Every structure is written in C-alpha cells, then in structure tokens.
Amino acid sequence: MPRGGIAARLWLWARSIRSIPVGRRIFLMVALNGLVMAVFGGLIIGGAGIVQTQWEEVRRARALDRLFVGIDSDIGRLQNLVHRYLHTPTEPLLVEIDGRQKALLDKLAASGAPDPEIAGDVSRLTAASNRFFGSFDALRDIKTRLRRTYDMAILNAGAEMPVLYTTLEAAARERNPAMLGHLGKAREAFADALLAATAFYLSADEASADRAERNLDTIVASIPRMRAMAHDSVLDGALDAIARRVELLRQAMSVMRHSIERQNRLVIDEVDGGQRAMASIIDRLLSHVRQRETEAERRFDNAIWRVGVLLGVTGLLFLTASAAVSWLIGQSIRRPLRSLMEAMRAIAGGDYSRPIHGTAVTDEIGAMARSLEVFKDNAIAKQAMEREREVQERRWRTMLETSPVGISIISAHDHRRLYSNPRFNAMFGLVGSNAVLGVPIADTFADPADARRLLDALRTDGPVSGMEVLRRRADGTTWWCLLDVRPMEFDGGPAHIVWHYDITFRRNAQEELRAAKERAERALVELREMQESLIQSEKMAALGSLVAGVAHEINTPVGITVTAASHLADETASLRACLESGNIRRSELNRYVAVAEEASQRLLANAHRAAELIQSFKQVAVDQTRDDRRVFDLGQYINEILVSLGPRLRPVGHTVRVDCPEELEVDGYPGPVAQVMTNLVMNSLVHAFEPGRRGAITITVGQGPDDEVVLTYADDGKGIPPDILPRIFDPFFTTNRTGGGTGLGLNIVYNIVQQKLRGRIGVESVPGQGARFTVRFPRRMGEG
C-alpha cells in the first residue's frame, strides 16, 4: 500500500480514537509508556539478577582463591615461627604462634562452610592443621621439659660443683697435697663437661653431648684414685658429693639427648611433613577453585551478552509499539486543536461567519469547540449590549442631573473633580460647571485636616461611609456635610463617586444635646460635692456625740474628785486651827490621817479613771477623724466605742452585749471600724426601737476562713420591711425624711466596708424580729 494510503488509514484510526476523552487518551498514552518502562525495567531487573548470580559465583571463587592462598602463606609463616621457637623460645614468639593458629583455624572454618564440593579437601586440610598444631604442642612440652632439666641439673650443678671442688682442694692442701693433681684434672673435666652440656642444650649438637659425657667419665674415673689417696672422712664426704652430682649430670644428659631426638623427629615428621601435606591439599584446592573461577567468568560473560541482546530486542519492539500508539493519540488531539485555533483567530479578528467544527464530538476538544461557539454567540450579543449601554449611560446622566443629592465624581489618579451635578453646585454656591471643575477640593473644606483625611481615604480605593465634615461655600459660609464615597469607572478610567448630604440641622440638634449633657454632668458633680459635705456632717455629728459622751462619762469621776478634795480641804483647815490653838489631840491627828488616806485613794482612783476615759475617747476621736493604720485589739476597741456611745444608750436603758475572742488583733484602720459601729448603733436607735422601749444589741466577733474577721451586729427591734430591704444601702434613701434623716448612714457603712476595710456587708431581717448585719473583712488589711 502507498505511504499516503497508510497515513490515511492511520488518520481514520485516530478519528475513531476521538470517542475516548482526551484525559483518558493522555492517561492511556502515559500508561502505555509506563507499561513499556515497567516491562523494560522488569527485564533489566531480571537480567541484573542473572548477571548478579553469575558474578556472585565469580566473586565466591575469587574469594576462595584468596582465602586458600592466605592459608598457604599462614602455614608457611607458622612453620618458620615454630623453627624460630625451637632455637630461641620467647614469650612474644609463643603468643604470635597462638594468635596465628587461631586465625588459621577461623579461616579453615570459613572455607569449608559455603561449598560442599571442596568440603572433603577442607576437612583433610583441617585435620592436617590440627595434627600440625598438636605436634607443636608436643614440641612445646618437650622444650619445656628440656628447659626444666637444664635448669635443675646443669645450672644447679654449675653452681654447686665449684664450691665442692674449692672445699675439696682446701682440704687436700691441708691433709694430702698429692691429690691436687688429680683434683685439678677432674675440675677441668667438669668445666669442659658443663660447657659441652650447655652447647648441646642450645644447638642439639651430638658432638657436644659426646664431649660432655667423656668429661663426665673422666671425672668418674678420677674419683676412685682420689679416694685411695684421701684416707680422711672430710675428703671422702666431698668425693661422695661430687660423685652424686656427676651421676645427676649423666642422667640429665641422657634425658636431654632423648628429648632432643624426639624433638627432631617431630620437627621432621610432623611439622615439616604436616606443612608439606597441607601444601599439597591447598594446591589441589587452588586448582579446583581456579577452574571454577574460569568457568564462572565464562558463564558471567555469556549472561551479560544474553541479557544485552534480550533487552535491546525487547526494548526496540516495545518502544516502536509505544511510539505508534502515541502518534495516533497525538494526531487525535493535534488536528482538532489546529482547526479550533484557526476558528479562534477568525473570531478574534471579528469574523463571526466562520463555522466551528467538532462541536458534536463528546471529548474535551469538542467541549472547547462548543465553548468557542458560545463565546462567538456572546461576542455577537456583546455588540448588541454595547449599543444598549450607550442608551443606559445617557439615561444615567439624566438621573444624576436631576438628583436631589449633591453628587461629584473625582479622578482616582490626581483627585481632580471630573463631574458635579446641579445640586452639588447649589450646595457650594458655585455657578457654571466649568467653574466648579476648576475649584480645588481642599478649598471646599473649612478644616484642611478633613480634606487630607478624605484624600487619604480615596488613595486606599476603599469605600467611605458616614464621614461628617464642615464644608465651606464660595461666599465663605460653612455647613455640615455627610460624605459617602464609592469607587467606580468613569470615561474608561478609575474614579470615585461622592454623595453630599446637608446635615447642618442634625448637627445643631446634637450640639444642643451635648450642652444639655454638660449641664447634667455639672449638676452631678455638685450633687457629689453635696454628698461629701453630708458625709462630713455625719462624721462631725458622730464626733459631737463622742464629745457629749466624753463630757458625761468624765463628769462622774471629776465630781467625786472635787467632793473628796473639798472634804480633805475642810479637814485640813480644822487640823490647822487645832495646831494654832495648841489643843490638838492624838485622836484628832489619827482621824485626819485616816480621812486624808481615804480622800487620797478616792482622788487617785477617780483621777486615773478620768485619765483612762480621756485617753480612750481621744483615741476613738483621732481614729474617727484620721485614717492611720495600726495594730489594735478589736474587742477592746469595740468596748471603747460603746463607752463613747453610752450617753445615747443608757437614758432609754438599751443593753449591749459584746462577744469577742480575747486578744483578737487586727492590722488595719481602726477609724473606719469606729465609723461602721457608730453608724450601725445610731441606725438601731433611730429606726429599730420604738420610743420608750428598751432594746438589746448583740455584737459577735469571730474568725472566718482565709484569716477573715466576721463581725455580726444584731438588734431585736422592729426589723426592716421586705420591700425596702434591697434599698437600705442606697444613698439618700431613708424612711425618716420628716425626722431629719439624710439617707447616708448605711450608705456610708457600705462604702467604708467595701473601700476602706476591703470587705463586704450583708443584711438579714424579719419584720418584728430585728435586723442582722454581717460584716466580713481581712484581719490584715492591704495598704491604702
């Protein structure tokens, strides 16, 4: 088929795909590419797994090769270390041999675990290594025994024999000098034997061992000749000791010769032979491992080639299929979009006659075509609306011209006045529209700050509502204006429309209301000043009552004092007359002394009583006129207050009972306490008790929670009616207005408790059963 035919067929297939939404087509294309990538990735992962498997085999073979080469090297090092230990046994060398033994065993254990094919050779190598290590342990035991034999026999003899020879030589010089020749030869033979034994121990030289034994035989042969010449017990004892030491040396040489022979056999048969056996096994293992390594490398190369061919062929097939499907999907999107773009260009150029294709298709491009169709219809409708808008604009200008509200339009850029209606011109006394537009906005405000405030609001492009400012007309007169501003578009640019309302009448009414309010506030201030004056009057009245009480209470002790002083003066005058006449008798002198003592006691007692009363009244008076803070006994202070109120209580016979704990001290202000108690007592006397009726007042003091004082004042008077009980603390409320009551007594009590005592007061009353006031305040008051 020609290429054109193939392209046409493919285009037909692309058109058939348009029944699928564009989003799904794109998703199908992405999914197809993803599938290709997933398959290709799976092939890569699978191929990588194959290659990785083959590479692991190569890596294991190489690792085994390195391991066995290292084991062979370790065995050679161990052999050299064993030979060094046999010649020069040292502790660091022994530690190094033990460490290399453990490392070699660990390597052997690691070499046999992963591969069963070499497990047999590894087991044989491990067994040979164990034999090698066992032979070294035997060599170490032999070496230990050799060292112990040499130390105990050879070295001890080397230390003892010279002493014996010296002793024997001294004894021979003294007893038998003929022995000295044989003794000197024996001594030389011992020294040569000791040197030969040491050389044999160090080098395992058989000639040195034979020389040592020949010298020992020389010593043994000389002992009988010297014994024949001795004939002395001391010499015989010394020769016996030398013979025993020589016999021990001969036995030690025999043990050393046997141990060295066994050591040499172990070195030749086990150490060197074991090393050769292990080297043979390692050679077989290395040959096997290297063959496996060569085979693994060959398989690795083949796997890489196969995986590469598979990935190339499969990837080419899938990428070709994906490209073909993607091209079909792309054609199903590109061609309709090109047709739609050409239609949009025509509509943008004002050609509304060009048809729009593809509106019947159900995909997203069809939806765009239908939207473009709607856009074309809207553009056609917009032309009609523009014409209608021009008609509306003419109608709108007519409405502005006839509006009863002053309206102006201001530019948003430079705040120039762009338009004003006739009502606006009339408000500002301006004639001619052109003249109005030329007047600056700031010139129409009485206060420049109001003009700046309005312009600042206009710069924010936000609405302004209810701004009240004082405006100026062209003739200089002022009037109050209410402004409302809204942003708008005028002649194609941003602007603000401003409505102007004349509120001069309303502002005048507000000024009148403000003046009335100021007059009412002044009246309230005068009323409060009057209230303070009445409060001071109440305090002065209480102080006057206190003064009356002082006069009444002090009158009695002062009267008694005057009477006693007059009687004492009369008696003194009588005694003086008797003295002048010289007719004084002892009985008269005794009587005068008795009268003088009694008068003195009465004078002192009543003077002290008067002083106490004056001090008490003075303290109460000071407290009621000043607000000094101090610590005072509350029960004693209440009694002092009641004493000052005695003249008001006793004439009618009222009784007062005080129940207060002893030594209840309050850290605060006694003056307010005295004012509260005085006003409560006076309230009871005026309102609670009927004229001529005796009443009872009970004052109970206790302590409440949080270190609080609870003072309860109760009377048994007529009580307070329920309808006026909530109002008794209100200022100027009284039920005795005709009797001169001011209505401030209980209000003063309430304010003092709340403000000065930092407390609270409550009242309870039942008509006919009296009233009960409860005052609570802190025992330690705050400052102020």
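**Cavities and helix packing in a predicted model**

Hi everyone. A search of the whole structure turns up three cavities of 30 Å³ or more. Please keep in mind that this is a predicted model. I'll take two of the cavities, and then the helices.

Let's begin with some background. Rolling a probe the size of a water molecule over the atoms shows where empty space is left.

So, how much volume does the largest cavity have? The value comes out at about 60 Å³. Around the largest cavity you'll find Ser-408, Ile-410, Arg-417, Phe-424, Ile-441 and Thr-444, and the lining also includes Phe-445, Leu-454, Arg-471, Leu-483, Val-498 and His-500. If you want to find this place by its strands, look for β1 (406-411) and β5 (493-502), as each gives at least two residues to the lining. Sorted by character, the lining of the largest cavity has seven nonpolar, three polar and two charged residues.

Now for the second largest cavity, which holds about 40 Å³ of space. Its lining is made up of Val-673, Val-676, Leu-711, Leu-757, Val-775 and Phe-777. Two or more of these residues come from α16, and the same goes for β12 (771-778). And what is the lining like in character, nonpolar, polar or charged? Six residues are nonpolar, with no polar and no charged ones.

Helix α16 brings us to packing. In general, two packed helices are described by the angle between their axes and the distance between the axes.

First pair: helix α16 (residues 670-688) packs with helix α17 (residues 745-756) at an angle of about 155 degrees, and their axes are 9 Å apart. An angle over 145 degrees counts as roughly antiparallel, so α16 is roughly antiparallel to α17. Their crossing is left-handed. On the α16 side, the contact is made by Pro-672, Gln-675, Val-676, Asn-679, Leu-680 and Asn-683. Helix α17 answers with Gly-745, Leu-746, Ile-748, Val-749, Ile-752, Val-753 and Lys-756. That contact splits into eight nonpolar residues, four polar and one charged. Notice Val-676 here: you met this residue in the lining of the second largest cavity.

Second pair: helix α14 (residues 634-644) and α16 have axes that come within 10 Å and cross at roughly 50 degrees. That angle makes α14 oblique to α16. This time the crossing is right-handed. From α14, Leu-634, Tyr-637, Ile-638, Ile-641 and Leu-642 meet a set of α16 residues: Pro-670, Gly-671, Val-673, Ala-674, Met-677, Thr-678 and Val-681. The count for this contact is 10 nonpolar, two polar and no charged. Val-673 is another residue that you've heard before, from the lining of the second largest cavity.

That's my tour, thanks for listening!

Notes:
Residues numbered from 1 in each chain as written. Predicted model: local features only at pLDDT ≥ 70, side-chain atom pairs only at ≥ 80, totals over all residues. Heavy atoms only, no water. Axes fitted to C-alpha atoms, helices over the stretch in contact; angles between N-to-C directions. Helix = DSSP H or I, 4+ residues; strand = E, 2+ residues; numbered from the N terminus. Parallel < 35°, antiparallel > 145°, perpendicular 65-115°, else oblique. Left-handed = near helix turned anticlockwise from the far one by under 90°. Contact = heavy atoms within 4.5 Å. Nonpolar A, V, L, I, M, F, W, Y, C, P; charged D, E, K, R; others polar. 1 Å grid on protein atoms, 1.4 Å probe; cavity = no way out; pocket = protein on both sides within 12 Å on 5 of 7 lines; lining within 4 Å. Points joined across faces, edges and corners; volume = space filled by probe spheres on them.
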